[in-house]
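Hi,

Here is the structure I promised to pass on. Have a look at it first, and then read on for what turned up in it.

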Amino acid sequence: MSNILGFDIGGSSVKAILVEKKEIKKSLFEDLPENLDQLLDLAARLKNDLAAGEEIAGAGFALAGALDKEKENMLASPNIKFLNNQPLKKLFAQKLNCPVKIEHDARCFILAEKEAGCAKNLKNIFYLTLGTGIGGALMIDGKIIQGAHGSAGEAGHMIIDSILGLDWEKIASIQFIKKCLGIDFEEALKRAEENDAQVQEVFSRLGRNLGLGISGIINTFDPEAVIISGGLARAGEYFLAGMKENIEKYVLSPEAKKTDIIFSDLGRFGGALGAAMLI
């Protein structure tokens, strides 16, 4: 069986894997380049490094942002602005010289979870990827929902404060950590692990902010579970209590208050694995 490449293009990093029979054979991780030309060059280099001359059946790309319904063009990527209005499927296919499919990153995660992760026995789930921003995807009755314009699930852009122009991801993602503490996420996590009370309180506040948005999701969609992944999920022990506090406070149905909150165990390459499954 031919090998398949999977790429996950996030707001701060690029993750790439070589997959055979739905199993990861090789993986690589790079910082996100500064522009589109550099990203295309990086994708080509990662392909060469991973494939090492082996036949490639195709490549799937998990992308942060709103795509068109045909899954050919990036319409808007708030955290990777150089992708805006770009024909990414065509550009990646030309650069890699192989068949390419592109999809929203959270939908790639949910695809991998359904096939190989914690959603195998679930039909109604909402998926959140927590990182530089917040990506979202939903599955109803076992079907991943695209929406009328192909942008269903963009929970990170729910408006929290119209006067300040705040959307959910500004107060519940790594952006919030940087704004409150002036340090990057890795440093914040390190200090939290060292029992820095100020940092732990910021994580707790972030958790309460997450709980607000998740409560709205549960009240609206009533899923069996909300699954959480992404780099920020590594700090789950520091924000989980605050998150559950506001879920308990703001979810309407007593039964829905019991909705499972599950942290993905697919690891940092889950989105890339789901992208490979597009092929």
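**The sheet with strands 8 to 14**

Let's start with an open sheet of five strands, in which the pairing is mixed and the order is 10-9-8-13-14. Strand 10 (143-144) and strand 14 are at its edges, and each has a single partner strand, so one side of each is left without a neighbour in the sheet. Before going further, keep in mind that this is a predicted model.

Now look at the strands around strand 13. Strand 8 (residues 125-130) runs parallel to strand 13, and five bridges join the two. If you want a spot to click on, Ile125 stands opposite Ala225 in strand 13. Strand 13 (residues 225-229) is also joined to strand 14 (residues 260-263), by four bridges, and these two run parallel as well. Here you can pick Val226, which stands opposite Ile261 in strand 14. How does the chain get from strand 13 to strand 14, and which hand does the crossover have? The chain goes through helix 8 (residues 236-250), and this β-α-β crossover is right-handed. Helix 8 itself lies across strand 8, strand 13 and strand 14, and runs at about 165 degrees to strand 14.

**The sheet with strands 1 to 7**

There is another open sheet of five strands to find, with the order 3-2-1-4-7 and mixed pairing. Its edge strands, strand 3 (23-31) and strand 7 (100-104), each pair on one side only. From one strand to the next, the twist averages 20 degrees.

Strand 4 (residues 56-63) pairs with strand 7 in the parallel sense, over five bridges. One pair to look for there is Ala59 with its bridge partner Val100 in strand 7. Helix 1 packs on this sheet and touches strand 1 (3-9), strand 2 (13-20), strand 3 and strand 4, with a direction that makes about 145 degrees with that of strand 3. Helix 2 lies across strand 1, strand 4 and strand 7, and runs at about 140 degrees to strand 7.

**Two helix pairs**

Two packed helices are described by the angle between their axes and the distance between the axes. So what are those values for helix 1 and helix 2? Helix 1 (residues 36-51) and helix 2 (residues 88-96) pack at an angle of about 45 degrees, and their axes are 9 Å apart. That angle makes helix 1 oblique to helix 2. The crossing of helix 1 past helix 2 is right-handed. On the helix 1 side, the contact is made by Leu36, Leu39, Leu40, Asp41, Ala43, Ala44 and Lys47, and on the helix 2 side by Leu88, Leu91, Phe92, Lys95 and Leu96. Sorted by type, the residues of this contact between helix 1 and helix 2 are nine nonpolar, no polar and three charged.

The other pair is helix 6 (residues 185-193) with helix 7 (residues 197-221), which pack at an angle of about 115 degrees with their axes 8 Å apart. Helix 6 is therefore roughly perpendicular to helix 7. Helix 6 passes helix 7 in a left-handed crossing. Phe185, Ala188, Leu189, Arg191 and Ala192 of helix 6 make the contact with Val199, Gln200 and Phe203 of helix 7. How many of the residues in this contact of helix 6 with helix 7 are nonpolar, polar or charged? They divide into six nonpolar, one polar and one charged.

Have fun turning it around on your screen!

Terms used:
Residues are numbered from 1 along each chain as its sequence is written. This is a predicted model: local features need pLDDT of at least 70, side-chain atom pairs count only at pLDDT 80 or more; totals for chains, interfaces and linings use all residues. Side-chain values use heavy atoms; hydrogens and water are left out. Two strands pair if DSSP finds at least two bridges between them. A crossover is right-handed if, with the strands pointing away from the viewer, the path from the first strand over the helix to the second runs clockwise. Axes are lines fitted to C-alpha atoms, for helices over the stretch in contact, and angles run from 0 to 180 degrees between N-to-C directions. Angles under 35 degrees count as roughly parallel, over 145 as roughly antiparallel, 65 to 115 as roughly perpendicular and the rest as oblique. A crossing is left-handed if the near helix is turned anticlockwise from the far one by less than a right angle, and right-handed if clockwise. Contact means heavy atoms within 4.5 Å. Ala, Val, Leu, Ile, Met, Phe, Trp, Tyr, Cys and Pro count as nonpolar, Asp, Glu, Lys and Arg as charged, and the others, Gly among them, as polar.
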